Amino acid sequence: NGNTEEYEFTGQVSAFSGAEAMAEGPMGINKGSSFLVSYRYGIASLAATGTSAIPYYQDLSFKLNFGETKFGRFELFGMGGLSSIDFVGEDLDEDDLFADPSVDSYVENQLGLVGLNHTILFKNKSYLKTTVGATLMASYFDQDNYVEGADLDRKYRATEADDEEMRYTVSSQYNKKFNARFNLRAGGLVEVFHMKSFVRDRDMRVEIPDENGDGIPDSFVEIRNVNDYSPLAQLYAQGEYKFTDNLSWTFGLHGQYHEFTNDA
């Protein structure tokens, strides 16, 4: 959580982590409310090793704590990141550790997350915490091949690969402290995975005709094309009993059901 009493700001620039800035402070809407936000922009050209290609990246994260309300405590949080690197064959060294100098490769990654926490305290030494959220992880890869024996400006798109995983989550957990020795927690979690994966190729590794003999395969071959949902549900209960300060017993039950395989 951010500082609930006063505003604070910080920033720095370094060769490895790039330029960073962060701000935090009270929001003044409820008791204990605060905000925290941080941004980073990568300046990795000074730190990159093993390749002459330059990676670029930036990310943003935040948390808004709305403090104590009559309906409980609400917290909104999130983060997002982008990164990319282009391996252009003619600009690479022959001993490059990460890429093939005979082709051009383009890599891009994305990460996103947003969620809302709700916590409510009860008078009987228990609380209920519920979280709703969504995440995205994606990577994209493209490759251009140079036409064999032709000038460097003659190339063609040989490979395209896109992978995305989106996850939607709802979870809730109830915690109860019965006494100094015994406490119990129980809850449930439902996740829905949305998976998208697409790959097509006309690299020379795949047998594709070249009817006009220009060194460029005539068409793409679809290697993979997936667009599917897969829910996963879980229930659990866990207790802990303390016999002494140095000896405790933890016990519980856990079950899950995966719709994709129909297994429990």
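On the surface of this predicted model, a nonpolar patch is formed by Tyr39, Tyr41, Ile54, Tyr56 and Leu60, which together have about 450 Å² of accessible area. Two elements each give two or more residues to this nonpolar patch, namely strand S3, covering 34-41, and strand S4, covering 56-69. Tyr39 is one of the patch residues, and its place is in strand S3. With a relative accessibility of 36%, Tyr39 counts as partly exposed, because that class lies between the cut-offs of under 20% for buried and over 50% for exposed.

Strand S4 also holds Asn65, and this residue counts as buried, since its relative accessibility is 2% and buried means under 20%. The side chain of Asn65 has a polar atom that lies 3.4 Å from the backbone oxygen of Gly32, and the side chain of Asn65 also reaches the backbone nitrogen of Gly67 at 3.1 Å. If neighbours within four places in sequence are left aside, the residues in contact with Asn65 are Asn1, Met27, Gly32, Ser33, Ser34, Arg73, Phe74 and Glu75.

We can now turn to the whole chain. Its secondary structure consists of 11 strands and zero helices, so that, read from the N terminus, the order of elements is β-β-β-β-β-β-β-β-β-β-β, where strands are DSSP runs of at least two residues. Among contacts with a separation of 6 or more, 54% are between residues 24 or more positions apart. The protein chain has 264 residues, of which 27% count as buried, and its accessible surface comes to about 16700 Å², with 56% of that area belonging to carbon and sulfur atoms.

Conventions. Residues numbered from 1 in each chain as written. Predicted model: local features only at pLDDT ≥ 70, side-chain atom pairs only at ≥ 80, totals over all residues. Heavy atoms only, no water. Patch = residues over 30% accessible without salt bridge, like charges linked within 9 Å, V, L, I, M, F, W, Y side chains within 5 Å. Areas by Shrake-Rupley, 256 points an atom, 1.4 Å probe, with all protein chains shown as cover. Salt bridge = Lys/Arg side-chain N within 4 Å of Asp/Glu carboxyl O. Helix = DSSP H or I, 4+ residues; strand = E, 2+ residues; numbered from the N terminus. Buried < 20%, exposed > 50% of the residue type's maximum accessible area, 1.4 Å probe, protein only. Contact = heavy atoms within 4.5 Å. Polar contact = N/O pair within 3.5 Å; in protein donor to acceptor, adjacent residues only side chain to side chain.
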